[in-house]
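Trainee: I would like a close look at a single part of this protein. Please take the parallel sheet and the salt bridges around it, and then set that part beside the rest of the chain.

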Amino acid sequence: MQRPLPRHHSIFFLILRRLRAPLVLLIGIIAVSVLGLTLTPGVDEAGEPHSLSFFHAFYFISYTATTIGFGEIPHTFSDQQRLWVTICIYLSVIGWAYTLGSVFRLLSDRSLRQAVATQGFVRAVRRLREPFYLVCGYGETGRLICQALERMGVRAVVIELDDDKVGEIDLHSYTLDVPALCADAGNPETLEFAGLTHPHCIGVIALTDDDQANLAIAIAARLLAPRLPALCRAEHRETSANMASFGTRHIIDPFERFSETLALALHAPKASQLLGWLTGLPGTRVERRRDPPRGHWIVCGHGRFGRWMVDAMDAEAVPVTIIDLDARPDGAHRWVQGDSTGAESLRQAGIDQATGIVCATSSDVDNLSIAVTARALNPELFVILRQNHEANHALFKAFDADITVVPSRIITHECLAILSTPLLVPFLQEVRTRDEDWCDARLEHLTARLGWTVPEIRSERINLKRAPALYRRLMQGEGITLEMLLRSPSERSAALECEVLFLDRDDDDHLLTPEGSTPIRPGDELLLAGTRRALNDFGLVIANEHTLNYLLTGKDLPGGWIWEKLSHRARPAGPPKLP
């Protein structure tokens with residue numbers, strides 16, 4: 001449902017428009033009352049005829065209509081004047097009742113609340129003076145992305161069409177304020193209000209469940225902010241092709257990503273396990289899973305996910321039987337028409353001789369039902385289970401499938417890999433080109449050093465901003481190798497619990513898992529995997545001159561201004577340092 005953003009952003013004029021009728025009525029009642037009171041005859045204390053002036057009549061009607069009077073001024077009223085005042089009192093009560101009713105209706109008006117929320121949101125975004133990502137869509141994926149951005153210390157601005165989901169943002173305990181607006185993110189005006197052209201916006205992440213909305217966001221980002229990286233979710237191949245046609249940098253189709261992973265697992269299981277260990281959620285433990293077997297597979301459901309799975313198996317020449325209510329024999333696969341949740345359909349598909357099954361329907365209940373029935377018929381079956389909703393995590397965890405495919409997690413991992421460590425993407429592409437022996441050796445080496453817990457992945461560029469201490473030494477011509485840096489700042493003989501996965505150089509050269517004897521150059525960018533403490537220690541080593549000097553020479557430099565001055569006096573003059 002499209003919910004256009006109101007174009008009237010002046011709350012004052014909006015209120016005046018909505019209260020125009022009651023205000024006109026109230027002013028008319030007061031005007032008639034004042035006029036009538038000036039025309040009504042009265043007498044003064046001497047018994048002479050006297051009529052109220054417009055000033056006295058307006059003064060009397062003003063306090064009478066609002067407070068029911070202080071008395072009769074400037075003289076005691078005549079009966080005619082009291083009769084007219086009585087009529088005025090009832091008229092004013094009607095006018096005020098109508099006006100107050102209109103005010104209450106206005107306070108509950110959706111347009112006014114939307115206008116107030118929009119103005120508050122626009123002011124909050126304009127006040128931002130730190131980098132932020134514009135997140136469009138706050139579903140399961142959007143929530144995971146916002147939580148991950150907060151852990152990274154990066155602020156997010158959210159646009160979400162569902163009012164209830166916007167309300168959830170306040171219930172989550174974000175330490176950073178997350179400005180959020182309930183509006184259609186496909187509207188370019190809304191994107192501008194949300195900071196698409198803001199100087200501190202560093203990226204756009206389109207995660208709505210509507211491909212057309214994500215496409216509109218990608219187009220708006222391409223035209224209004226072409227320098228910003230745009231990460232866009234696309235669930236249909238046509239949408240992906242459309243986005244790619246105008247240069248969208250990152251297009252994420254979760255089912256396509258998993259089909260690539262499955263195809264890789266079928267012909268290179270070690271490479272698949274290495275990628276799974278590197279791209280999991282940091283801190284979670286990855287179990288060494290059995291590799292997907294080659295042989296006869298059954299795919300239950302031929303929707304978007306099912307088609308990707310069939311294509312992946314076709315690419316690996318794996319025979320497939322497809323079970324679907326809408327069987328469409330194509331001459332290349334065996335089809336079984338029916339509901340795959342029943343044992344009869346599974347038997348017709350050859351479940352007894354199958355080596356694997358993909359439960360690929362859009363219903364979590366049906367997928368679990370298929371998996372339980374299939375395992376009962378063939379306990380050795382390799383099961384790939386599609387989980388559509390994060391809320392059903394407990395059920396899927398209890399079943400313990402070989403692989404559980406959660407689209408929201410796939411998109412989240414992909415986005416985080418791109419956002420937090422851009423160097424991870426070219427590293428993973430390089431890994432996919434390596435043979436099984438190389439991947440097996442790397443996996444055994446890394447897991448032997450760091451364990452099966454998913455490591456933190458971080459990149460560090462050797463420049464004056466990120467690594468001032470190391471950069472100055474390298475510019476002075478010192479030769480420093482990776483091995484000399486990967487040591488503990490508290491005990492230089494102990495190695496840090498981290499490994500350098502990738503080294504990228506300014507001359508477009510790069511090294512995959514460089515050796516410890518590799519010399520470091522100014523401008524190098526390193527991709528590291530390890531524990532958080534080890535990566536923090538590495539950041540300290542390359543940034544702090546005292547720590548770096550201790551690692552390289554074994555000597556502690558004096559700390560503090562006084563000791564440094566005293567030390568400089570006693571120290572012989574050395575080579576000049578760069579500023």
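Mentor: What follows starts at the parallel sheet, moves to the salt bridges, and ends with other parts of the chain. Keep in mind that this is a predicted model.

The sheet is open and has 6 strands, in the order S11-S10-S9-S12-S13-S14, with parallel pairing. At its edges are strand S11 (334-337) and strand S14 (403-405), each of which pairs on one side only. Between neighbouring strands of this sheet the turn is 15° on average, direction ignored. One pairing can be followed in detail: strand S10 (residues 320-324) runs parallel to S11 and is joined to S11 by 4 bridges. Within that pairing, Asp 324 stands opposite Gln 337 of S11.

A helix lies across this sheet. Helix H13 (residues 304-315) lies across strand S9 (297-300), S10, strand S12 (356-359), strand S13 (382-386) and S14. The direction of H13 makes about 160° with that of S9.

Helix H13 also takes part in the salt bridges, through Arg 304. The side chain of Arg 304 meets that of Glu 235 in a salt bridge, at 3.1 Å from N to O. This pair links distant parts of the chain, since Glu 235 sits in the loop between strand S7 (230-233) and helix H10 (237-245), 69 residues from Arg 304. Glu 235 has a second salt bridge, to the side chain of Arg 233, with an N to O distance of 2.3 Å. Arg 233, Glu 235 and Arg 304 are thus linked in a network of salt bridges.

How covered are the members of this network? Both Glu 235 and Arg 233 are buried. For Glu 235 the relative accessible area is 13%, and buried means under 20%. Arg 304 has 23% relative accessibility, so Arg 304 counts as partly exposed.

Another salt bridge joins the side chains of Arg 375 and Asp 402, again with its N to O distance given, here 3.1 Å. Arg 375 belongs to helix H15 (residues 364-377), while Asp 402 is in the loop between helix H16 (393-399) and S14, so this pair ties together parts that are 27 residues apart in sequence. S14 is one of the edge strands of the parallel sheet. Over the whole structure, a search finds 16 salt bridges.

Now for a second sheet, further along the chain. This open sheet has 4 strands in the order S15-S18-S16-S17, and the pairing is antiparallel. Its edge strands are strand S15 (456-461) and strand S17 (510-512), each pairing on one side only. From one strand to the next, the twist averages 25°. S15 is joined by 6 bridges to strand S18 (residues 525-530), and the two run antiparallel. Ser 459 has Leu 527 in S18 as its bridge partner. Helix H22 packs on this sheet, where H22 touches S15, strand S16 (498-504) and S18, and its direction makes about 10° with that of S15.

H22 (532-543) is also met by helix H20: the buried residues of H20 pack against H22, helix H21 (482-485) and helix H23 (545-553). Those buried residues in H20 (residues 468-475) are Pro 468, Ala 469, Leu 470, Arg 473 and Leu 474. Just after H20, Gly 477 has a positive phi of about 95°.

Two places earlier in the chain complete the picture. Val 125 is in helix H5 (residues 110-126) and counts as buried because its relative accessibility is 2%. Leaving aside neighbours within four places in sequence, Val 125 contacts Val 157, Pro 179, Phe 193, Ala 194, Gly 195 and His 198. From Val 125 to Gly 295 the C-alpha to C-alpha distance is 55 Å, with their positions 170 residues apart in sequence.

The other place is a nonpolar surface patch of about 500 Å², made by Phe 12, Phe 13, Leu 16, Leu 23 and Ile 27. Helix H1 (11-18) and helix H2 (20-39) are the elements that give two or more residues to this patch, and H1 gives the most, with 3 residues. Ile 27 lies in helix H2 and counts as exposed because its relative accessibility is 58%.

Methods:
Residues are numbered from 1 along each chain as its sequence is written. This is a predicted model: local features need pLDDT of at least 70, side-chain atom pairs count only at pLDDT 80 or more; totals for chains, interfaces and linings use all residues. Side-chain values use heavy atoms; hydrogens and water are left out. Two strands pair if DSSP finds at least two bridges between them. Axes are lines fitted to C-alpha atoms, for helices over the stretch in contact, and angles run from 0 to 180 degrees between N-to-C directions. Contact means heavy atoms within 4.5 Å. Patches are made of residues with over 30% relative accessible area and no salt bridge: like charges are joined within 9 Å, nonpolar side chains (Val, Leu, Ile, Met, Phe, Trp, Tyr) within 5 Å. Accessible areas come from the Shrake-Rupley method with a 1.4 Å probe; for residues, only the protein chains shown count as cover. A salt bridge is a side-chain nitrogen of Lys or Arg within 4 Å of a carboxyl oxygen of Asp or Glu. Buried means under 20% relative accessible area, exposed over 50%, partly exposed in between (1.4 Å probe, protein chains only).
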